Amino acid sequence: MRQPYFCFTMTLRKKAKTLYQTASEKLGHKGEEAVYRYYIGEAIKECEGREDAFFSVSHYFQAYNKDKRAALNKKKMSHARISAEEIPAVTQLFTPPHLAEYIIQNSLGRYLYECGISLDLPYADGLRPEDFGKRKKDIREIRILDPAAGTGNLIYPAARLMKKAYLKLGYGEGEVKGLLATNFIGLDIDGRASELAKFLLKREFGADFDIVTLKSFEPSSIENYKKWKGVYEGLLLLGERGTVSIFPQKEVEEIQKSFSDGADGGVLKTLSIFNSKYDIILMNPPYLASSDCGKGLLGFIKKHFADYKADLFAVFIARCLGMLDKGGYMGVVCPFNWMFTRQFGGLRRLILSSSDIMNLAMLPADDYKEAVVYLSCFVVSGKKEGVKGSYIKIEKGADSNQALINGGKRYMVDASRYQNTPYNGIMFWVSQRFIDNYRSGRLADVLEIRQGLATGNNKKYLKKINEVPAGELVADAVSIEDFDNKGGVYAPYNKGGQYRKWFGNIEYAIRFDKHAREELSKSGNRLPSRAYYFKPCVTWTLVSSKGHFGARLSSGSLFDVGGSCGFPKKEGDIYVILGFLCSVVATAYLNAQNPTINCQVGDIKNLPYIEPSDGQRARIERLVKENVEIARADWFGEVSAESAKENFLKMKRNEEELNEIFIKIYGLEGELSPDVPDRLITLKYK
């Protein structure tokens with residue numbers, strides 16, 4: 001069942017488009033600002049009286065930038081950089097209400113619970129009775145920061161929760177208005193978003209919330225700060241760096257002693273915001289690869305956040321962990337690739353070394369398609385106490401709202417288990433035995449994995465294999481010298497292709513005579529891994545949307561980046577390694593290490609590898625050889641109608657027997673099933 005906001009978004013999208021067209025027709029001649037003012041004003045009227053009015057207006061705001069966002073995404077695809085002014089349009093995405101509630105109730109809600117305030121918290125998970133009332137804190141002193149506030153979609157539900165806490169303590173409605181505004185501060189580089197957030201929050205709570213638009217200071221206004229070089233530079237570039245700005249603590253302290261409030265043009269307030277600690281930090285930070293950022297921001301990130309530079313959201317998380325009070329909580333909605341991939345290893349190490357993960361929900365790919373990426377939401381503590389966290393992995397097609405409240409399987413996990421996973425990957429849903437197998441060794445210990453050549457001009461050098469003139473293709477060379485001796489012009493070329501196991505995907509040939517080799521040695525990636533050309537190997541496709549991995553036997557061929565190859569370090573291992581890579585065990589590990597459509601070479605290298613016994617090896621080799629021969633005959637169309645069904649059933653039986661063997665070797669009985677669905681038997685003739 002889809003969430004209600006998805007249905008509403010579809011309806012709103014049509015209304016927003018109509019409203020934008022009307023605004024453009026009426027006021028387009030007066031400029032874009034006039035169009036926006038009319039559009040957002042009418043949107044506010046349209047949502048008046050709705051129970052979800054706050055979020056609905058935010059949807060309209062996001063929809064206004066739809067065309068600009070699409071244009072900027074095309075700009076990114078062309079490898080052009082995104083300027084600071086363009087970052088809001090390309091990164092602003094509505095935070096679904098149930099994800100907002102999950103991180104708010106498990107951070108702010110948990111904090112209030114520890115202050116002895118009992119509230120209805122349906123999304124809270126893992127609250128312990130012994131923690132109720134343990135925190136001695138006046139809630140009027142709670143400081144809550146949203147460092148990427150946008151239109152206030154996190155501040156709004158958090159403020160509602162704080163209001164309930166105040167009322168529970170006996171404060172009157174009139175008192176609460178003023179108190180709420182002192183609890184919160186929001187930051188954003190988009191002035192329109194900040195303005196709308198302030199308006200909507202005041203309409204809802206009757207208070208002026210402090211939503212700060214981060215703008216660069218004019219040089220003439222900060223002449224008095226030139227001797228503090230770090231602060232001066234930060235103020236000049238505040239609009240570009242935004243929330244990830246850094247102001248040296250020593251300089252800030254000197255400035256605070258030298259200047260009084262009210263006489264500094266907002267400098268002291270800015271420095272106070274960035275050099276303060278916060279009890280609660282809530283954010284859905286911008287998702288933007290740092291390589292897409294403007295050169296100035298990218299240079300700053302590389303200098304100060306080198307370990308987290310893969311994406312702007314990771315930089316936000318790292319920066320804000322430094323702003324979190326030791327006893328506080330930080331809730332984040334962001335892509336889930338931070339949990340697994342190598343490029344976010346530094347972020348994981350930072351979080352795991354300084355914090356406890358209190359809650360984490362991993363959402364399925366079909367949950368929030370507007371975000372384009374797969375999402376996670378999590379809450380970390382501001383100090384390390386070694387407590388177990390509550391995790392949930394929501395399955396594809398599930399109602400994530402209900403799953404976050406009371407559905408799905410919970411996992412109580414001590415983060416110390418991630419010390420033994422590749423790059424400290426957050427594999428919370430697998431067994432301890434599954435993790436312990438990484439101690440046995442890695443596939444890279446027995447398999448030399450190589451990325452192949454890139455021609456730089458496929459049109460010039462590649463042909464479909466059935467288009468190669470007779471006599472010019474050599475398919476059985478064992479070396480470059482052998483290829484030349486046999487008069488070769490074209491060689492088979494492993495280029496990845498569709499998901500297929502055991503043998504096949506021989507669809508292309510590459511021109512590889514001496515003249516072509518000379519050209520290729522000076523273009524593309526200049527013929528890497530030459531010593532491995534034509535050698536027997538295991539090859540695979542890096543990209544698979546099936547969530548399953550399959551490898552194939554190959555020899556007498558070359559290979560490209562999409563058809564990466566592994567070469568056994570010991571003769572005789574090739575069939576055992578191929579059997580392992582085609583097993584449900586290898587797929588389970590690859591999905592745990594990197595549950596996206598992309599299977600990277602590093603993921604394959606890090607697969608745990610356990611040597612089978614001699615008896616197991618013999619069985620594996622026999623079954624794999626049978627499957628290779630079946631797949632070879634199938635690929636070349638050497639299968640009669642009578643034998644196709646028999647081959648299919650035989651391969652299925654063999655694959656399931658191989659799965660049973662490897663499941664036993666890895667001790668994963670009961671955790672993995674050996675069954676192979678018919679759709680995963682990759683034969684053309686069935």
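Q: Which residue in β15 is the bridge partner of tryptophan 540?
A: In β15, tryptophan 540 has alanine 551 as its bridge partner. This is a predicted model, in which local features need pLDDT of at least 70 and side-chain atom pairs count only at pLDDT 80 or more, while totals for chains, interfaces and linings use all residues. Residues are numbered from 1 along each chain as its sequence is written, and side-chain values use heavy atoms, with hydrogens and water left out.

Q: What makes strand β14 and β15 a pair?
A: Two strands pair if DSSP finds at least two bridges between them. Strand β14 (residues 537–540) and β15 share four bridges in the antiparallel sense, so they count as paired. The names come from DSSP runs, numbered from the N terminus: H or I over at least four residues for a helix, E over at least two for a strand.

Q: Why are β10 and β15 called edge strands?
A: Let's look at the sheet they belong to. Its four strands form an open sheet with antiparallel pairing, in the order β10-β17-β14-β15. The strands β10 (447–450) and β15 (551–554) each pair on one side only. From one strand to the next, the twist averages 30°. Helix α23 packs on this sheet and touches β10, β14, β15 and β17 (565–568), where touching is a contact, that is, heavy atoms within 4.5 Å. The direction of α23 makes about 155° with that of β15.

Q: Why are α23 and α26 called roughly perpendicular?
A: Their axes cross at roughly 75° and come within 8 Å. Axes are lines fitted to C-alpha atoms, for helices over the stretch in contact, and angles run from 0 to 180 degrees between N-to-C directions. Angles under 35 degrees count as roughly parallel, over 145 as roughly antiparallel, 65 to 115 as roughly perpendicular and the rest as oblique. The value for α23 (residues 574–581) and α26 (residues 614–635) therefore earns the label roughly perpendicular. On the α23 side, the contact is made by Tyr575, Val576, Leu578 and Gly579; on the α26 side, by Arg617, Ile620, Glu621, Val624, Lys625 and Val628.

Q: How many residues of each class are in the contact of α23 with α26?
A: The contact has six nonpolar, one polar and three charged residues. Here Ala, Val, Leu, Ile, Met, Phe, Trp, Tyr, Cys and Pro count as nonpolar, Asp, Glu, Lys and Arg as charged, and the others, Gly among them, as polar.

Q: Why are α8 and α10 called roughly parallel?
A: Helix α8 (residues 155–168) and helix α10 (residues 191–205) pack at an angle of about 25°, their axes 11 Å apart. They are therefore roughly parallel. The contact joins Ile155, Tyr156, Ala159, Arg160 and Lys163 of α8 to Leu201, Glu204 and Phe205 of α10. Five of these residues are nonpolar, none polar and three charged.

Q: Is the crossing of α16 and α17 left-handed or right-handed?
A: The crossing is left-handed, a term for a near helix turned anticlockwise from the far one by less than a right angle, with clockwise giving right-handed. The axes of α16 and helix α17 (residues 345–354) come within 10 Å and cross at roughly 25°, and the two helices are therefore roughly parallel. The contact uses Ala314, Ile317, Ala318 and Leu321 of α16 and Leu347, Leu350, Ile351 and Ser354 of α17. By class, seven are nonpolar, one is polar and none is charged.

Q: How do you know that the reach of α4 is close to the expected one?
A: The expected span is 1.5 Å times one less than the number of residues. Helix α4 (residues 66–77) has 12 residues, and its 17 Å from first C-alpha to last is close to the expected 16 Å. After α4 comes histidine 79, with a positive phi near 70°.
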